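Here is my note for a colleague who has not yet looked at this entry. Please keep the sequence and the model open while reading.

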Amino acid sequence: MTTASSVPSATTEPAAPPPAPDRAARDRLVLGLLLVSTFVVVLNETIMGVALPTLMQALSITALAGQWLTTAFMLTMAVVIPVTGFLLQRLATRPVFLAAMGLFSLGTLVCALAPGFGVLLAGRVVQACGTAIMLPLLMTTVLALVPAERQGRVMGNISVVISVAPAVGPTVSGLILSVLDWRWMFGAVLPIALGALLLGALRIPDVTEPRPAPLDVTSVVLSALGFGGLVHGLSTLGEGGSAAVPAWLPLAVGAAGLAGFVRRQLRLQRADRALLDLRTFAAPTFRAATAVLGVSVTALFGTLLVLPIYLQDVRGLDPLATGLFLLPGGIVMGALAPAVGRAYDRWGPTRLLVPGTAVVSLALWCLALASPATPVAAVLAVHVLLSTGLSLVFTPLFTAGLGSLPPHLHAHGSAVVGTVQQVAGAAGAALFVAVLTLGAEAAPAAAGEAGAVAAGVRLAFLCGAVLSLLAVVGAVRVRRPAGARAPSVPAP
C-alpha cells in the first residue's frame with residue numbers, strides 16, 4: 001500500500017527566499033498580518049451568541065432560526081475549507097489573502113446593511129467564505145516558513161487566534177449591544193477588515209509558488225451534502241415534533257453524502273487529484289490529534305452557545321454582563337497560549353494534552369451540575385477552569401498533528417484540520433442546543449421557565465462531559481513528530 005510519505009508533491013512550495021535579513025523581515029510581516037487578519041475574521045464566529053435574544057426581538061425570529069446565524073457560518077466554512085487545498089496550490093499567497101479579506105469585508109458590509117433575517121444570513125455565509133480561506137492559509141504559511149523546532153511558539157500565537165477570538169466574541173457583542181444597535185456588531189468590524197485588506201494589497205508579498213492542481217466539482221457537491229445534512233439533522237433534533245422535516249432525513253442525506261465524499265477522495269488520491277487527500281490520516285499522530293481536536297472544539301463552541309443562554313434566561317444577566325462574564329476565560333487562554341507554545345517546543349505534546357483534556361472534562365462535569373441556585377461566581381470559576389484546560393490542548397494538537405505530515409501534505413492537512421474544526425463546532429452548537437431544548441421540554445411544569453431551561457442546560461453539559469472522556473483517552477496517543485526535536489537549551 002502506498003504510504004503518505006511516498007506521494008509526489010502536490011502542494012505549494014516556498015518561493016525563492018530573499019537574502020537572510022530581508023527574508024526574516026518578510027516572514028514577520030506575512031505572519032503578523034495573517035495573525036491579525038485571522039483574529040478579526042474568527043471573532044465573528046461567536047459574535048452572535050450573546051446577540052441572539054436581541055436579534056430574535058428585532059427580526060421576529062425563533063431561537064432555532066437565530067442559531068443558524070452561527071451554525072450556517074461554521075457549516076459554510078466546513079464546505080469551503082476543503083476547496084482551500086486547491087486554492088493554496090493554484091494561487092500564490094497574495095491573491096489568496098486578498099480573496100479571503102475581500103469576501104469577509106463584503107459579507108460584513110452586507111450584514112451591517114441587512115434589512116431582514118434572510119439578507120443577514122446571506123451576509124454571514126459570505127463572511128464565512130472569507131474566514132474559511134484565512135485559516136488554512138495561516139497554518140500552511142507557518143509550516144512553510146517556520147523551522148520545526150520553533151513551530152510550537154508560533155502555533156501558540158495561532159491558538160490565541162483560534163481559541164481566544166471565539167471566546168472574546170460574546171464580550172465584544174455584549175459591549176456593543178449595551179449602547180448601540182445590533183448592526184454595529186458588523187459596522188465596528190468593517191473598518192478593521194478594510195484596513196487589513198488595504199495593507200495586504202500594498203505590503204504582503206508572495207511566499208509560495210503556485211502549482212497546477214485539479215478541482216473536482218463532484219467532491220465539492222458531496223462535501224456540501226454530507227456536512228450540511230449532518231449539521232441540519234442535528235439542528236432539527238432540537239425542534240422536536242414541530243420540525244417540518246423529520247431529523248432522520250437530513251441525517252441520512254448527510255451520512256450518504258459523507259460516505260460518497262470519502263469514497264471519491266480515496267479513488268482520486270491515487271492520481272493525486274483528491275480535493276481532500278485522506279492519506280493524511282495514515283499518520284497515527286495526525287489521526288489522534290484530529291480526533292481530540294474535534295471533541296475539544298465541540299465542547300468549546302457548545303459551551304459558548306449554551307452558557308449565555310443559562311446566564312440570561314436562568315440567571316437574568318443582560319447581554320453586557322454576559323459578555324463580560326465570558327471575558328476572563330478568553331484572557332486566560334490568550335495569556336497562557338505563548339507559554340504553552342514554548343512548553344511544547346521543550347517537552348512535546350503529552351505533558352500538556354493529558355492534564356489539559358482532564359481539566360476540560362472536569363469543568364464540563366461541574367457545569368453539568370449548574371442550577372438556578374448555583375452562585376454565578378462558581379460558574380465563572382468553572383468557565384475559567386475550562387478555558388485553562390483548552391489552552392493546554394489546542395497548541396499541542398495543531399503543532400503535533402500537522403508536524404507529523406510530510407511537507408507535500410501540509411496544505412491537505414491544514415484543510416482537514418480546518419474542516420474538522422468547523423464541522424465539530426457546528427455540530428457542537430447544534431447538538432448542545434438540541435439537547436438543551438429536549439431537556440427543557442421534558443422538565444416538569446412545576447419547575448417553571450427558568451427551571452426548565454436550567455434542566456436543559458445541565459443535560460447539554462452532561463452530554464459534553466461524556467464526550468470529553470474520549471478526548472482524555474485520545475490525548476495519550478498524540479506524540480511529538482519524529483522530525484521535530486526539542487531544542488538543546490530551554491526555551492526562553
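**Notes on the model**

1. Cysteine 366 is partly exposed, at a relative accessible area of 33%. Cysteine 129 is partly exposed too, at 21%. The classes used here are buried for under 20% relative accessible area, exposed for over 50%, and partly exposed in between, with a 1.4 Å probe and protein chains only. How many disulfides are there? The count is zero, where a disulfide is a pair of cysteine sulfur atoms within 2.5 Å.

2. A word on the basis. This is a predicted model, where local features need pLDDT of at least 70, side-chain atom pairs count only at pLDDT 80 or more, and totals for chains, interfaces and linings use all residues. Residues are numbered from 1 along each chain as its sequence is written, and side-chain values use heavy atoms, with hydrogens and water left out.

3. The overall picture comes next. The protein chain has 17 helices and two strands. These are DSSP runs numbered from the N terminus: helices are H or I with at least four residues, strands are E with at least two. The chain holds 492 residues, and 57% of them count as buried. Its accessible surface is about 18,100 Å², with 70% belonging to carbon and sulfur atoms. Such areas come from the Shrake-Rupley method with a 1.4 Å probe; for residues, only the protein chains shown count as cover.

4. Where do the contacts fall along the sequence? Take the contacts with a separation of 6 or more: 85% of them join residues 24 or more positions apart. Contact means heavy atoms within 4.5 Å.

5. Serine 105 gives a local example of contacts. This residue sits in helix α4, residues 93–113. Serine 105 is buried, with a relative accessible area of 5%. Setting aside neighbours within four places in sequence, serine 105 contacts Leu190, Ala193, Leu194 and Leu197.

6. Look next at helix α14, residues 376–391. The helix has 16 residues and spans 23 Å from first C-alpha to last, close to the expected 22 Å at 1.5 Å a residue. The expected span is 1.5 Å times one less than the number of residues. Buried residues of α14 include Val379, Val382, His383, Leu386 and Leu390. What covers the buried residues of α14? The cover includes α11 (284–314), α12 (319–347), α13 (350–367) and α15 (394–403).

7. The loop between α11 and α12 holds aspartate 318. Aspartate 318 is partly exposed, with a relative accessible area of 43%. Its C-alpha lies 8.6 Å from that of serine 178, although the two are 140 residues apart along the chain.

8. The loop between β2 and α9 deserves a look. Proline 210 is found there, partly exposed at 40% relative accessibility. Proline 210 touches Gln89, Arg90, Leu91 and Ala92, not counting residues up to four places away in sequence. The C-alpha atoms of proline 210 and leucine 87 are 9.0 Å apart, with their positions 123 residues apart along the chain.

9. Leucine 215 lies in that loop between β2 (208–209) and α9. Leucine 215 is partly exposed, at 39% relative accessibility. It belongs to a nonpolar surface patch with Val217, Val221, Leu225, Trp248, Leu249 and Val253. Together they have about 650 Å² of accessible area. The elements giving two or more residues to the patch are α9 (217–237) and α10 (248–268). Patches are made of residues with over 30% relative accessible area and no salt bridge; like charges are joined within 9 Å, and nonpolar side chains (Val, Leu, Ile, Met, Phe, Trp, Tyr) within 5 Å.

10. How many salt bridges are counted? There are three, a salt bridge being a side-chain nitrogen of Lys or Arg within 4 Å of a carboxyl oxygen of Asp or Glu. Aspartate 216 pairs with arginine 264, their closest N and O atoms 2.6 Å apart. Aspartate 216 is in the loop between β2 and α9 and arginine 264 in helix α10, so this pair ties together parts 48 residues apart in sequence. Aspartate 216 is buried, with a relative accessible area of 9%.

11. Two salt bridges remain to be described. Arginine 279 and aspartate 277 have their closest N and O atoms 2.8 Å apart. Arginine 279 counts as buried at 11% relative accessibility, and aspartate 277 as buried at 5%. Aspartate 181 and arginine 183 form a salt bridge at 3.9 Å between closest N and O atoms. Aspartate 181 is partly exposed at 38% relative accessibility, and arginine 183 is partly exposed at 29%.
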